[in-house]
Amino acid sequence: LGGLAAAFALQKAGHRCTILEQAPAIGEVGAGIQVTPNVSRILLSWGLGPQLERTAVIPGAIVFRRWTTGERVGYTSWADITKTHGAPYCHVHRADFHKMLYDLALGAGVTIRLGSLVTSIDPDTPSVTLRSGEVLPCDLLVGADGVKSGIRQVIVGSPDAPVPTGDAAYRATIPTSLMLSDPELAGFVQTPEMTAWMGPGRHIMGYCIRGKKEYNLVLLHPDDGSVESWTAEGSADKMRADFEGWEPRIQKLLAFVPSTLKWKLMDRGPLETWIHKSGKVVLLGDSCHPMLPYRAQGAAMAVEDAAVLGSLFTHLSSPSQIPFFLQAYEQLRHARCTDTQAQARLNQKIFHLPDGEAQETRDADMCRAMEAELSGEALEAEGSQNQWADRKKSRVQFGYDAEGEAERWWNEEGKQDLQRLQELKLKELENVQEEQAQPHEKAEGIEMETVVNEPEKEHEQERTHEPEREIEQAQEQV
């Protein structure tokens, strides 16, 4: 998702982009995914409103429930989320999201090469070598190769494997026609919400996708030997056994699941920099800031990265400016992504508390925010263990305008900083010209004359005028 978004955004900015994808074909992969307002704002600005309208479901709220009884302990309404944050909160199928971006990139003229496995990278040229032996040079290499990124290792300079989190996830979808025939389950379809059941060491997320025709389930549990993959199959029977004893509606839902995907959750700590020292290779999305799914911001951060990078590169007029704009990209994105990673890790702890005093404190805290919400009280709920109830945190997370932030930086800082940089370069070139224009000193009392062959004189004239041409080019850039 991040690679497609970045290619489109850069192509839209006037550059020629090629995506190298090792998969031999594009298939339907994954299950549900949450498109929060900070992402839907970007998609709407890219003209994807009609596609979202056809495929997305708009949830009315997020609800937290006890694992054994289904009792509601937390609630945050999203009825006014579009008005509050300027864009909707959507639930879509990952394959539908992928197709939107794929079609968008192709339509913009992006070249997408399937079956193109990269085997080595030269970060200084930069270039990549494919398994076929073909070498592809470029001006900029964007590493959008996920949590198991090979390009990340080039930037770090040593092997840098992702770390298991101890959790894994079952993923499954259920035809909602099955649920509508059961009065106990029909409400999950008729009144679409994002529902979270919290239990010891586990939690479940459920919501409607594809125009309420499918119900998406994500079941987080302790890892017992799964692999990091969107396509690895798990055992539906094992899944049901792992959630034995959960409330009756969960048992009914799981009985509808004939097969499931199993996904190992991997993590990495924040990097000091996302940019190679050559200034020609940069990371994006999960390759530099992988997100645990507990805050629903993995794809969001990748698409934000892409939007910022593309917006910045609309102002690029020479390959020599690439390092300058990459530094701005990292400056604008690093702290936000690191903070979002921390929010996701916090939810891992909050959702998986064992039954006992800490769990009771959590539930009481969530209940206070819920009661204030339902009574119409204007409670900020700052620091609430329901992070969606924390209005300050939601404003920061969901009110973020990636393209707007990039343009704000350009107008307030970037334009002036780039001009100063170009003027400094111009001054350096003028100094070189002055040094080369100084007359040669004559030895005392001796008159010297130097005779050179005509071809050599011509070459000398060319060398003398090279700084002048460089100064003219620098002046044009300024």
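Where is the place of Glu214? Glu214 sits in strand β14, and the first view below starts from there. Everything here comes from a predicted model, where local features need pLDDT of at least 70, side-chain atom pairs count only at pLDDT 80 or more, and totals for chains, interfaces and linings use all residues. Residues are numbered from 1 along each chain as its sequence is written, and side-chain values use heavy atoms, with hydrogens and water left out.

**View 1. Glu214 and its surroundings in strand β14.** Helices (H or I, at least four residues) and strands (E, at least two) are DSSP runs, numbered from the N terminus. Setting aside residues up to four places away in sequence, Glu214 touches His93, Thr173, Ile174, Thr176, Tyr207, Cys208 and Ile209; contact means heavy atoms within 4.5 Å. Ala255 is 41 residues from Glu214 in sequence and 15 Å away in space, C-alpha to C-alpha.

**View 2. The open sheet of 8 strands.** Here the order runs β4-β3-β12-β13-β14-β11-β16-β15, and the pairing is mixed; two strands pair if DSSP finds at least two bridges between them. At the edges stand β4 (72-77) and β15 (233-234), each with a single partner strand, so one side of each has no neighbour in the sheet. Helix α10 (residues 248-255) packs on this sheet, touching β3 (61-66), β11 (163-175), β12 (194-199), β13 and β14. The direction of α10 makes about 110° with that of β14; axes are lines fitted to C-alpha atoms, for helices over the stretch in contact, and angles run from 0 to 180 degrees between N-to-C directions. Strands β13 (residues 202-209) and β14 (residues 214-222) pair antiparallel over 7 bridges, with His203 opposite Leu220 in β14.

**View 3. Strand β5 and its pairing with β2.** From β5 (residues 90-93), Cys90 and Val92 point one way, His91 and His93 the other, and all are buried, meaning under 20% relative accessible area (exposed is over 50%, partly exposed in between; 1.4 Å probe, protein chains only). In a regular strand, side chains alternate between the two faces of the sheet. Strand β2 (residues 32-35) pairs with β5 in the antiparallel sense over 4 bridges, and Val92 is the bridge partner of Ile33.

**View 4. The open sheet of 3 strands and the loop with Arg131.** The order is β7-β8-β9, with antiparallel pairing. Its edge strands, β7 (118-122) and β9 (135-137), each pair on one side only. From one strand to the next, the twist averages 20°. Between β8 (residues 127-130) and β9 there are 3 bridges, and Ser127 stands opposite Pro137 in β9. In the loop between β8 and β9 you'll find Arg131, exposed with a relative accessible area of 61%. Neighbours within four places in sequence aside, Arg131 is in contact with Leu117 and Thr119.

**View 5. The buried face of helix α14.** Ser394, Gln397 and Phe398 are the buried residues of α14 (residues 391-398). Looking down the axis of α14, these fall within an arc of 75°, so they line one face of the helix; the arc is that of the directions from the helix axis to the C-beta atoms. They pack against α2 (37-45), α4 (81-85), α11 (298-313) and α12 (322-351).

**View 6. Helix α11 beside helix α15.** The axes of α11 and α15 (residues 402-437) come within 8 Å and cross at roughly 35°. On the α11 side Glu304, Ala307, Val308, Ser311 and Leu312 meet Ala402, Glu403, Ala406, Glu407 and Trp409 in α15.
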